[in-house]
Every structure is written in C-alpha cells, then in structure tokens.
Amino acid sequence: MAIFRKYYSRQGLWTLFLMCALPLHIWTIFLALRDFDWVTARTNSWDAVGVISYGLVYAFVESLAVFIGAALLGFLTPAQWEEKKRIALISVMVVILSLWSIFNQTYFLNETLPPDWLAGFVIRTGRPLAALYAIALALTTVSFAASAYPILKSDKALAVVLEGMGRLALLMTLYLVFDIAAVVIIFVRNF
C-alpha cells in the first residue's frame with residue numbers, strides 16, 4: 001500500500017478517473033442524442049430515454065475499466081515524478097487514445113472509404129492488415145509523443161493542462177449526476 005501512496009493520492013485518483021470518464025461520456029451522449037429521433041419514431045420517447053440510460057451506465061463501467069488500466073500504467077512512470085505530472089500525462093494519453101477511438105468509430109459509422117492513394121499503398125505492401133496496423137501505430141505514437149513532450153519539458157504547458165483538467169472535471173461531475181439518473185431510470189423501467 002505504501003508504493004500506491006507514493007504514486008497517487010485520493011484527489012489524484014479522482015481527477016484521473018474523471019479524465020478517463022470524460023471522453024467516453026461525451027461520445028456516449030453524442031451517439032445517444034444522434035439516435036434519439038429514430039428510437040422515438042420506432043417506439044416512444046420513454047424507450048429512447050431508456051436507451052440513453054443504458055448507454056450511460058455502460059459508459060460508466062467502461063470508464064472504470066479504462067481508469068484501472070490508466071492507474072496501473074502510472075506505475076510505469078518514474079517514481080520521482082510529482083503526482084500532478086503523472087496524472088496530467090496519463091490523462092492526456094487517455095484523451096488522445098479516446099479521440100483516436102472516436103475517429104475510428106466515426107469513420108465506420110459514416111461508411112467512409114479510405115482515399116485511393118492510401119488503399120493502393122496498403123494493397124501494394126502485400127500485407128494490407130499489417131500495413132494498416134503499422135500506420136495506426138505510427139500515427140498514435142506521434143500524437144502521444146507530440147502531446148507528452150510539452151508536458152514533460154515545460155512547467156507552463158503542465159500548468160495549462162492541469163488548469164484544463166480542473167475545468168473539465170467540473171463538467172464530468174455533471175455527467176456523473178446523469179449516470180446516477182440513468183441508474184434510477186433503469187431501475188424504474190425494470191421494476
């Protein structure tokens with residue numbers, strides 16, 4: 001337990017959880033509102049509210065899983081780092097990974113085809129799936145490095161990230177209220 005306290009405080013863990021949950025909840029709410037009209041047209045508004053409620057509860061559970069993974073990832077950072085730097089770096093990494101996941105899902109939801117030049121390049125490699133994974137890994141690595149470097153090298157960048165996290169934590173707290181309301185709605189609908 002002493003090693004755990006060396007890396008995280010309760011407030012630090014709470015902030016990390018809020019930052020892990022924020023992109024998942026924003027995307028869930030966006031998708032739920034996108035689907036609200038057709039669910040209402042198919043059945044009724046109460047069913048659409050139920051669908052949103054299930055989505056929010058699932059996003060909460062998913063947020064817990066991402067948070068546990070992110071907190072464990074923090075143990076790979078140097079022990080001499082201050083907690084704020086560790087939380088800021090991991091939070092930014094989670095947000096970037098979430099944004100890449102959102103991009104990927106949006107790409108397939110819109111049934112977008114890759115540009116011809118990219119499709120041709122991937123096919124010419126002879127191993128298209130491996131090429132796609134290599135491209136995704138390269139883009140993700142560059143985006144992680146480009147965001148991690150300023151946090152690690154500049155106190156001013158770290159302060160900006162921490163201030164942004166403080167503001168976003170308030171928004172995420174509101175989304176947690178929505179999660180509680182979603183649990184109540186699910187309970188009322190099922191019992």
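How much space lies in the largest pocket? In this predicted model, the answer is about 660 Å³. The close-ups below take you through the largest pocket and then the second largest.

**View 1. The centre of the largest pocket, with Phe103, Asn104, Tyr107, Leu132 and Ala136.** These five are the residues closest to the pocket centre, out of 19 that line the largest pocket. About 660 Å³ of space is found here.

**View 2. Helices α4, α5 and α6 around the largest pocket.** Two or more lining residues come from each of α4 (83-109), α5 (116-124) and α6 (128-153). If you would like one element to follow, try α6, which gives the most to this lining, with seven residues.

**View 3. The chemical character of the largest pocket's lining.** Sorted by class, this lining holds 16 nonpolar and three polar residues. Look for charged residues here and you will find none in the lining.

**View 4. The centre of the second largest pocket, with Trp27, Thr28, Leu31, Glu62 and Gln105.** The volume of this pocket is about 350 Å³. Its lining is made up of 16 residues, and the five named in the title lie nearest its centre.

**View 5. Helices α2, α3 and α4 around the second largest pocket.** Each of α2 (10-42), α3 (45-73) and α4 supplies at least two lining residues. Here α2 provides the largest share, seven residues.

**View 6. The chemical character of the second largest pocket's lining.** By class, you will meet nine nonpolar, five polar and two charged residues in this lining.

Definitions and conventions: Residues are numbered from 1 along each chain as its sequence is written. This is a predicted model: local features need pLDDT of at least 70, side-chain atom pairs count only at pLDDT 80 or more; totals for chains, interfaces and linings use all residues. Side-chain values use heavy atoms; hydrogens and water are left out. On a 1 Å grid over the protein atoms alone, a cavity is a set of points where a 1.4 Å probe fits but cannot get out, and a pocket is an open set with protein on both sides within 12 Å along at least five of seven lines; lining residues have an atom within 4 Å of a point. Grid points are joined across faces, edges and corners, and a volume is the space filled by probe spheres set on the points. Helices (H or I, at least four residues) and strands (E, at least two) are DSSP runs, numbered from the N terminus. Ala, Val, Leu, Ile, Met, Phe, Trp, Tyr, Cys and Pro count as nonpolar, Asp, Glu, Lys and Arg as charged, and the others, Gly among them, as polar.
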